[in-house]
Amino acid sequence: MLSISGVTKKYGKTVANDNISFAVGDGQIGILLGPNGAGKSTIIKCIAGLLRFTGRIEINGCENTSLEAKRQLGYIPEMPAVYDLLTVSEHLEFIRRAYRIEDEAYTQQLLERLELADKRNKLGKELSKGMQQKLSICCALCHRPRVAVFDEPLVGLDPHAIKELKSIFGELKNDGVSVLISTHMIDSVEDYWDVANIMMNGRFAATKINGQDDGKSLEELFFGITENSPEETGGAQ
């Protein structure tokens, strides 16, 4: 389970996240929606332990900066961060050693599914951005995390990789993993989310539970809020 309680992050006088609280339960897919600059990536980086903040973030009951929490977290950043002079295989070997993973079967399966198996000997700097994104996904998931956090994961991926990643989302959910996906592309997450939080100006403007009939689709609620339509924003939860 991923739990965020009263998280505030400031850059000088700018408040990027203003008292954010939410949770993603075991076997749930939560999404963060919002326009660029809404604060989505900031809260994701706070969860990953890359930014200092006030408040509390827990991963399966452990403070997010603890070693135990890091063992259980998989983080896919918006911009792939790969090592220029390591090959694809060396990236994954590094991760396996760090997490003391002996079984390589799942890692190899990820490589095959994301069409990286034939790129094993390619250096990080030789990969396209899309391939770097695929490698980033493999590195984040190969240790089978219990909480997986994706920041704009579909950007730059080819259609086959998008299809496979969407299937992986469902598999993680079925395995009881808590999945959080940050995106501004509503159509990319329309079919499989459990709870959606819409962010504006560092705050949650609305929360919607999938299957809960409140008279508005997620798309209607999103555009009503982000386009400042008074009649729509009045329904924000």
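**Entry 1: β1 and its sheet**

I began with strand β1 (residues 2-11), which is joined to β4 by five bridges, the two running antiparallel. I noted that strands are DSSP runs of E with at least two residues, helices are runs of H or I with at least four residues, and both are numbered from the N terminus. Two strands count as paired if DSSP finds at least two bridges between them. Across from S3 I found E58 in β4.

A reminder to myself on the source: this is a predicted model, where local features need pLDDT of at least 70 and side-chain atom pairs count only at pLDDT 80 or more, while totals for chains, interfaces and linings use all residues. Residues are numbered from 1 along each chain as its sequence is written, and side-chain values use heavy atoms, with hydrogens and water left out.

Which strands make up the open sheet, and in what order? I read the order β2-β1-β4-β5, four strands with antiparallel pairing. At the edges I found β2 (14-24) and β5 (62-63), each pairing on one side only.

Next I followed β4 (residues 54-59) to β5, where two bridges join the antiparallel strands. E58 turned up again here, with E63 in β5 as its bridge partner. The hairpin of β4 and β5 has two residues between the strands, and N60 takes a positive phi near 50° there.

**Entry 2: β7 and its partners**

I moved on to strand β7 (residues 147-151). Is it mostly covered or uncovered? It is mostly covered, with five of its five residues buried. Buried means under 20% relative accessible area, exposed means over 50%, and partly exposed lies in between (1.4 Å probe, protein chains only). I checked both faces: V147, V149 and D151 lie on one side, A148 and F150 on the other, and all are buried.

Strand β6 (residues 73-76) pairs with β7 in the parallel sense over four bridges, and I saw I76 opposite F150. β7 is also joined to strand β8 (residues 178-183) by five bridges, again running parallel. In β8, V179 is the bridge partner of A148. The chain gets from β7 to β8 through helix α6 (residues 159-174), in a right-handed β-α-β crossover. Right-handed here means that, with the strands pointing away from the viewer, the path from the first strand over the helix to the second runs clockwise.

**Entry 3: V149 and helix α1**

I picked V149 in β7 for a closer look. Its relative accessible area is 1%, so V149 counts as buried. What does V149 touch beyond its neighbours within four places in sequence? I listed I44, I47, L73, G74, Y75, I76 and L180 as contacts, where contact means heavy atoms within 4.5 Å. I44 is 105 residues from V149 in sequence, yet the two are 7.3 Å apart in space, C-alpha to C-alpha.

That led me to helix α1 (residues 40-47), which is largely enclosed by the rest of the structure because six of its eight residues are buried. Those buried residues are K40, T42, I43, I44, C46 and I47. After α1 comes G49, with a positive phi near 80°.

**Entry 4: the largest pocket**

How much space lies in the largest pocket? I noted about 620 Å³. A pocket is an open set of points on a 1 Å grid over the protein atoms alone, where a 1.4 Å probe fits, with protein on both sides within 12 Å along at least five of seven lines; lining residues have an atom within 4 Å of a point. Its volume is the space filled by probe spheres set on the points, which are joined across faces, edges and corners.

I found 22 lining residues, with Y75, I95, Y99, C139 and A140 nearest the centre. β6, α3 (88-98) and α5 (129-141) are the elements that give two or more residues to this lining. By class, the lining has 15 nonpolar, six polar and one charged residues. Nonpolar covers Ala, Val, Leu, Ile, Met, Phe, Trp, Tyr, Cys and Pro; charged covers Asp, Glu, Lys and Arg; the others, Gly among them, are polar.

**Entry 5: two last residues**

K119 sits in the loop between α4 (105-113) and α5. At 17% relative accessibility, K119 is buried. Leaving aside neighbours within four places in sequence, K119 contacts V88 and M131.

I closed with T226, in helix α7 (residues 218-226). T226 has 18% relative accessibility, so it counts as buried. Setting aside neighbours within four places in sequence, the contacts of T226 are P35 and M200.
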